[in-house]
Amino acid sequence: MSPVPTPAADSLSRRAPTHWWTAARLALGTASALGISRFAYGLLLPAMRTDLHWSLARAGALTTANSVGYLLGAALAGVAARRWGPTVTFRLGMALTALSLAATAVSSAYLALLTARTAAGVGGALVFVAGGVIASRGAAAARSPAPITIYFSGAGLGIALSGASLPGLMAHAPHDWPAAWIGLAAFAVLATAASWTAARVDEPELRSPAGRRRVRRLWRTAVAYLLFAGGYIAYVTFLSAALGQERTPVWQISMLWTLLGISAMAAPRVWDPLIGRWPPARVLTTLLALLAAASALPLVSSSYAVLAVSVLAYGATFMTVPAAVTATIRGATRPEDWAPTLSAFTTVFAAGQTVGPWAAGAVADRTLAAATLAWTAALCAAAALVAAAPSGPAR
């Protein structure tokens, strides 16, 4: 005889699809601020580098500028979320992201591009933190980690759309990279409009001034997150450059990036059950170890089959790391501490991203473009070792 559902359980079952649909629209935030604003640069980098005569270190500095902006935005996000609420903070970040993408197309002057990429980083951090808080509330209401993993998997949509369109465009018209940035800005505007109402939450409860940063007892998670941030960004920034140096056909590069995005979108189906059942440290260690292996595969063989396995495994894991860290914070802290703690972890994340691409590019300039993949593998492996020792719950 099957159990009779209680009113609370019946209400929860009806609400869950609503939370997931809201999370899917909220995921357009990570699609715009991460998949488009941050990661699509890796597809435009070869054309911009050729047209503007950049070294790999100079090209990597634009990702560093984006990460500096991300660092500034992370520092502001917690304050903004407490003062204005996460809804306003999220919407402000989305609008700033769209404007900065459009500004990237205005001038080829290096300082102007650095400024635009910095502004994009600020907007991305505001979206990342505020959206993470909103998704965490959705997860608490749905009693499932799905809203969190769905939110972060949105970056895969931006990557897939970029991968399907940009490589072919740049191969036929490499000097038209400003038009590509305009197209990306148009997507960001549409994403802003579509996610606008999904960011609406109960503002008075989320503006509580009593929240505090709870990092000390989660320091191992923070160190692992720092190493991950410094390593993973090199893979998505320089993958196209490394493939181009190997004379990989444009259609293969496009297909690989599309696979990367699709696998990132599919990640919640794989990881939701494990995030709900496994200890946080085990989830994070597993993800980081898989990332290290995935990024090392192209160093073993440049065959298309091996590259496809690499991007599929990488896509299915890399955006789940922030989701796992956010779920860890949600489970280890009080709701009023979510925004400041997530802001602190995003600051750590941004610090790693600031150094990573420039350092990886500098190493590659003195060796080979493939050295950037070795950089990712080494730092993700180190992060896995750190994460293997649980940090314990926050007080």
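This dialogue looks at the enclosed cavities and one buried helix of a predicted model.

User: How should I look for empty space inside this model, and how many cavities of 30 Å³ or more are there?

Analyst: Rolling a probe the size of a water molecule over the atoms shows where empty space is left. In this predicted model, the count comes to 2 cavities of 30 Å³ or more; the largest cavity holds about 50 Å³ of space, and the second largest has a volume of about 40 Å³.

User: Which residues line the largest cavity, and which helices supply at least two of them each?

Analyst: Thr149, Phe152, Ser153, Ala264, Ala267, Pro268, Met319, Thr320 and Ala323 form the lining, with helix H7 (146-172), helix H11 (250-277) and helix H14 (320-332) each supplying at least two residues. Sorted by class, the lining of the largest cavity comprises 6 nonpolar and 3 polar residues, with no charged residues.

User: What lines the second largest cavity, and what is its make-up by class?

Analyst: The second largest cavity is bordered by Gly132, Val133, Ser136, Thr326, Ile329, Arg330, Trp338 and Leu342, and the elements giving two or more residues to this lining are helix H6 (110-142), H14 and helix H15 (338-366). By class, the lining of the second largest cavity has 4 nonpolar, 3 polar and 1 charged residues.

User: Turning to helix H2, how many of its residues are buried?

Analyst: An α-helix has 3.6 residues a turn, so residues three or four places apart point the same way. Helix H2 (residues 28-36) is mostly covered, with 9 of its 9 residues buried; these are Leu28, Gly29, Thr30, Ala31, Ser32, Ala33, Leu34, Gly35 and Ile36.

Methods
Residues numbered from 1 in each chain as written. Predicted model: local features only at pLDDT ≥ 70, side-chain atom pairs only at ≥ 80, totals over all residues. Heavy atoms only, no water. 1 Å grid on protein atoms, 1.4 Å probe; cavity = no way out; pocket = protein on both sides within 12 Å on 5 of 7 lines; lining within 4 Å. Points joined across faces, edges and corners; volume = space filled by probe spheres on them. Helix = DSSP H or I, 4+ residues; strand = E, 2+ residues; numbered from the N terminus. Nonpolar A, V, L, I, M, F, W, Y, C, P; charged D, E, K, R; others polar. Buried < 20%, exposed > 50% of the residue type's maximum accessible area, 1.4 Å probe, protein only.
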